[in-house]
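The two exercises below concern the packing of a helix pair and the layout of a sheet. Please work through each task before reading its solution.

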Amino acid sequence: SALTDTSYLVKSNIISLKMSEPLLTLISAEEVTMECKDPVDITALGQAKGIISDLQPLGAGPVDTTKLVEVARRLGDIPTGQTNYIVSKDSCQKAYENLATTDRLALDNIYSRVKVFAEAQRRSVTDMEMDIPGGKAGHTVSPCKVAGCYAPGGRYPLPSSVIMTAVTARAAGCEVVVLASPRPAPITLAAAYVAGADLFICVGGAQAIATMAYGTSDGIIPSCDVIVGPGNKWVTAAKSIVQGQVGIDMLAGPSEVLVIVDDTADADVVAADLIAQAEHDVVARAILLSTCADKIKSVEAAVHTQLNTLPEPNRSTAKQAFLQGSFAIHCQSIDECIALSDKLAPEHLEIQTRDATAVSKRCLNYGGLFVGVHAAEVLGDYGAGPNHTLPTGGTGRYTGGLSVFNFLRIRTWMRIDDHKQSQSMVNDSIVMARLEGLEGHARAAEARLIHEN
């Protein structure tokens, strides 16, 4: 999310449900209320401030490289005794070359699709100019110079996030792409090679965000202009601290999927998609809106069956996500489904109904839209083309997902070529300045008047 996260409060006590009770708690539309909530965890914010303070002994300026290595060791980003926080390009290339053929082909295919989509986005916005009284005005579209990209590491490394962030920055035209990911797995290193990252720092959390925001004292890592990418609560907290110093994509909350279905939906497919979202995190939300009561029962049964075959820790994570924040609503019509979906503005919105395309065109608020039974949200996760870094917690009402536009600056300009033809605009400016009580503005405009002799 950009500034706030919206949590869905269900009046029934979902968290207290026992494992034998339904995983998709059936509630009414009236039982869902909305609470605006800051996505930044207060405890994590305090800890992130402490980490950044440790990295900047003087309270400002670049991150002290020695301190960075100390913090990275203490927090488990790099092994004890290691002094290098940079991953070499050779290491990334070697990891790519050592991939199994099937893995390398999948990575190459995903890279290509994301690149083609991002480049098409970039071509969709261009420089422009138009006539104004006595001259021209327009805008230019240009990329920022240095992009910072974060990709989660640890238990669930996300090489797909490397592709989604770094490839998009490169398609926007950024000269330098800095990547950060802690304890990078070989597939993450390979993704960095494919994506063309210029610099790779093997640190995570708040320390990674601070390093990309402020640069390093050894001059290796430059201060980034924009920092993007998903991360844990310390990453989100640190992004909230550095925004303003740098641009950021969003402050994201828990991941979500909302699926609209009718009697034609395949319960097994719907259940699989809900589980795919729930396994992300114990606070992830899987929401089902259906015009068919029997379909909700079928999906519930399918969730139980499929969940029991999921390996650990995925199964426990998904089960807790279902129990503490997920729900189903039996709606009286597709119109009611759409109205509720627009109210919740989910991160991922799937439409699995008859006439899915027509239904999708009536939906207004979402991060990413997946139309029809074959358009699985997971295909968006892994490189159909559109970016998988999307707004959460209802912020899809006013913003969109990560794209080349996060790295672009649209800057306006004007030029006066015919002094005489500009006089109507000069006079209007004089009048408006005095209406606003800004006499200095009025006199600056009057300095451009043509005085008749």
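**Exercise 1: a helix pair**

H15 and H16 are roughly antiparallel to each other, a class that requires an angle over 145 degrees. The model is predicted, with local features needing pLDDT of at least 70 and side-chain atom pairs counting only at pLDDT 80 or more, whereas totals for chains, interfaces and linings use all residues. Residues are numbered from 1 along each chain as its sequence is written, and side-chain values use heavy atoms, with hydrogens and water left out.

Task: Establish at what angle the axes of H15 and H16 cross, and which residues meet.

Solution. Step one: the axes of H15 (residues 423–435) and H16 (residues 439–446) cross at roughly 165 degrees and come within 8 Å, where axes are lines fitted to C-alpha atoms over the stretch in contact and angles run from 0 to 180 degrees between N-to-C directions. Step two: Val426, Ser429, Ile430, Ala433 and Arg434 of H15 meet Glu439, His441, Ala442, Ala445 and Glu446 of H16, contact being heavy atoms within 4.5 Å. Step three: the residues of this contact divide into five nonpolar, two polar and three charged.

**Exercise 2: a sheet**

Task: Determine in which order the strands of the open three-stranded sheet lie, and which strands stand at its edges.

Solution. Step one: the order is S5-S6-S17, with antiparallel pairing, and two strands pair if DSSP finds at least two bridges between them. Step two: S5 (128–132) and S17 (408–416) stand at the edges, each with a single partner strand, so one side of each has no neighbour in the sheet. Step three: S5 pairs with S6 (residues 135–143) over five bridges, and His139 in S6 is the bridge partner of Met128.

Key. Helix = DSSP H or I, 4+ residues; strand = E, 2+ residues; numbered from the N terminus. Parallel < 35°, antiparallel > 145°, perpendicular 65-115°, else oblique. Nonpolar A, V, L, I, M, F, W, Y, C, P; charged D, E, K, R; others polar.
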